[in-house]
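Please look at the structure below, taking one helix pair first and then a loop residue beside it.

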Amino acid sequence: MFKYITFFFHEYALLKWGCVLYACASYMPSNTISNSSVLTMGIRGLSTYIHEHLHEVLVRHKLHQRKVVIDGNNLAHVLYFECTGINAAFGGDYDKYASFVEEFFKGLQVCEVYPIVIMDGGQPLDNKKMDTVRERVTNQIQTCLNISPSSQYRLKVFPCMGRDVFVSTLKKMGIVVLQTDFEADLEIAMLAKELGLTVLSNDSDFYMFNVPFVPLSSITYNKVSTGKRKRSNEMFSYINCNHFSQEKFCQVTGIDPAHLPILATLLGNDYLAFDHFKDFYSILEGENKRSRMTSRHNIIKNVLAWLSHKKDKTTEEILSIIVSHCSTKNLRKKMRASMRNYTDTDSNLINIVSENILKYALDSTGKPHHFSVENFEEKDCIFQNPSLSEMNDVGTSLFCKNGKTLPNWFVLAYRAHRIPHEVADIVTQEYFISPPQVEEKSFASAYLLVEPIVRTVYTMLWKSSQTSNWDQNHSSCDNAALNNYVQESSMSQSCGLEDPWAASKNYDSDVVVEEDSEESLYDEDEERNEENQLLNKEEINEAITNREEMQEKYRNSLIISENVRVINEVVDDCDLQVKSHKARKECLKWYLRKGSRMWIKKISLLSYENAKTLPSLNEVELLSVSEKRKVFYSILKSNLQSSSLDLPDDLQLIFGFIIFWYEESMSSLIDIHVLSVLVCMFMFYIIDGKVGRIRTRKAFEDEEKWKAQFAILKDDASYCCPGDNVEDTLAQVSQEECLLAGHRLFKFHHMDQKINDKYYNKKTVHAFSEYQACIYFVQLLNTLLGSPFPLLSVEYLWGGTFCYNVFYDLKKRKCPLNRVSEILGKGSCLEKLFLIFFRQLSEILNFKKYLGIICLESMKICEKEKPVESITVLVNNVTENIPKKKKKRRGGRRSNKKTTCSDKGKDSEKKEVSQEEEELLCLPDGTEEREEEVDLLDNFFAGLML
């Protein structure tokens, strides 16, 4: 009986994971498309075939006391789609995801499983997966446009910064995270072979590597079991899983292990689609009886049977047989290239990991360190995050497109995942893939507002690939510049790299391509600078001589002949004394959304004058922190640096996000958008930072006790002193006020059941998608400048469902600012901080109605003297005294003594404020123009806002 029950639960688990993996495969985001599809990633259909028809090769295993290497991209998606309570329709609930990731790895740590996580880098240089990339990006765009509250559990969307949240959570726990130059599969396999690690992944490619392999789909990640050792009777914790045995797989199928790369290629993978072998499949189908399996499983069964009869054949003989039955051109060459992905042995991570593998692994007695989840420290890890200062030389395959090497600090930061993997594509192949977001179809892409930052980043990276005398080469047509052009063009072609944008011409017909015009590619200010520069006679003669020498030396080379032809045109232009010689312009191909289709937008370099002000990657290392910040603010065109408010470094960066977003947004932003993201910052960055992530009602049962303690705290004269600066006020924030504010904000973490498709506003989500784009690219700029500001992760800054709920709660209020004060707590340090921050943003962003806030009498009068009967209000920069007046309720009843934001006032001549004017005072729409803007707040700290 027990056997049948166990079998039932096992089959149920497989069915559940199968549904999840199908969703993961169908709607995979672009920022992990290089190697992160869960089901279609690798050999399509092989995982389900093994589970259903070769289950004997999967051995039930108790995972504990083991060192493992994890396919990070794969696990990041699996955990996100398994996390409950996430509402993808609002852009991403990063705090819930971070907590879920933390719980998973705590379970591994309890079982003494020591992980090292490897993340994918850029796209392969040979562009062998470009077709797959484009298809997945297009599918993900459609998913993001069609998602809604009712369909979000069926349409899976991985948020644009989900990968960053995954990595930052692991680093906070002290888990090693390394980023490969390109794809991670081979690096993971090499680490497993050399260091004896077990691979955790859902990528079916790992069935073909001769390494210990545990499919993630078999792990009961949310349940840690306890067992007793047979010999010592000691208790231990473990996680149930399946362990794949390649030896048993070869025995059952009768395949020679040396032919596994052929099997992986013949079944179709990410590098070579199975469509190329349709003719071969049809021949095998005719030789074998068709079973009740699916068509895909029938193909796998037939191929396995065919290869089992070719054990005596060599690899080349088998390839010849296959190619003879297929019509695809150059199929043998393509198959060899695909097979190399399973046989190459190069690795750039072995040295880094091997140096840290046994660091702090054993104590003085030779036993593993005692592990404590509650007091987890980095010393508890066998693997240690490598210190950048300790790594002098790290192997890399990253080079600029012209072959120039990158500075060492950049390679180290990239390897430690401090620089995003998309930068590798910009450096090596000059294209950038933006992760699709939840957006409004009729609006322009949410990424377009960060185009100035994209141009700046591209210019910095392009400038770093040029020679040291870049500025001289840019403004002249000398011999060295011509030689550089020939060498760079020759190198890119001699490497055999195809242009990814010329590949797959059939697919290009489905892509909307916008190319900048010649005028836009050639900046007007640069043209003006070069109009007065005429090439002298000596330069012309030198260029002509150089042309003749090249023609004589390389007359039989088609590649160089093409370059010489270009040089001929340049020299001919020089002969004609052209005032403005327009050289071939570099450009970045940027994947975006346009309408409901994929869009490739060409981004040109900055003008010469603007590019001169930017440091190259080599120059960044020589700059001081203050110089880096000066460059940072100049790029964002922000006046925050000249602000009188002394903010900590992390808050300066957050303010940079908000200001850039509000000033550059293409949506109709109002002040409530800024209020909402500020409330998010207080919730995730300050409150969670003080008391931790509390997301259950049971944790707030002691609310009355906290209220009493906070009341006592407010009576303390030293609490929240008006003269304190921002850092001191932050330090004075108490746990009691954070818990009380967290309880009042608790309901905003969950989607209101009243929000259905009818009341769901995707335009609001689109505006906050722009904010995510700002966070992503401003952070990217920060990392390329050597991190003059701390690296922040979005789970501490913003959450989709939370921000959406806060926005609409504030929008329905007559006075949203007063509502925020009530939520954070009247008279609390949280409220004081919020008013200080919002006052600063109001000045920078010109929120006029908040600049006319109440000016109370001095703090001494407010504390010790009886309050006066009038209040001072700033109206149109003229100070007026407005006596207080109690607002009468309808029906003749007297109102409460406490004034509200909608209280009426009148001057000494008893001039009353009309009802219409009163409503305008508290309207959330910041675009309304009015002559008298008065915002009355019954707040003790309102005087601080002057």
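In this predicted model, helix 28 and helix 36 cross in a right-handed sense. Two packed helices are described by the angle between their axes and the distance between the axes. For helix 28 and helix 36, which covers residues 829–845, the angle is about 40 degrees and the axes lie 11 Å apart. Helix 28 is therefore oblique to helix 36, because an angle counts as oblique when it is neither under 35 degrees, nor over 145, nor within 65 to 115.

Which residues in the two helices meet? On the side of helix 28 they are Leu651, Phe655, Ile658, Ile659, Tyr662 and Glu663. Helix 36 contributes Phe837, Gln840, Leu841, Ile844 and Leu845. Sorted by type, the residues of this contact comprise 9 nonpolar, 1 polar and 1 charged.

Helix 28 spans 649–664, and the loop that leads from helix 28 to helix 29 (671–691) contains Ser665. Is Ser665 buried or exposed? Its relative accessibility is 16%, and Ser665 counts as buried because the cut-off is under 20%.

The side chain of Ser665 has polar partners. One is within the loop region: the side chain reaches the backbone nitrogen of Ser667 at 3.0 Å. Another is Glu770, whose side chain forms a polar contact of 2.5 Å with the side chain of Ser665. Glu770 also appears among the residues that Ser665 touches, together with Leu449 and Phe660, when residues up to four places away in sequence are not counted.

Definitions and conventions. Residues are numbered from 1 along each chain as its sequence is written. This is a predicted model: local features need pLDDT of at least 70, side-chain atom pairs count only at pLDDT 80 or more; totals for chains, interfaces and linings use all residues. Side-chain values use heavy atoms; hydrogens and water are left out. Helices (H or I, at least four residues) and strands (E, at least two) are DSSP runs, numbered from the N terminus. Buried means under 20% relative accessible area, exposed over 50%, partly exposed in between (1.4 Å probe, protein chains only). A polar contact is a pair of N or O atoms within 3.5 Å; within protein, one must be able to donate a hydrogen and the other to accept it, and residues adjacent in sequence count only if both atoms are side-chain atoms. Contact means heavy atoms within 4.5 Å. Axes are lines fitted to C-alpha atoms, for helices over the stretch in contact, and angles run from 0 to 180 degrees between N-to-C directions. A crossing is left-handed if the near helix is turned anticlockwise from the far one by less than a right angle, and right-handed if clockwise. Ala, Val, Leu, Ile, Met, Phe, Trp, Tyr, Cys and Pro count as nonpolar, Asp, Glu, Lys and Arg as charged, and the others, Gly among them, as polar.
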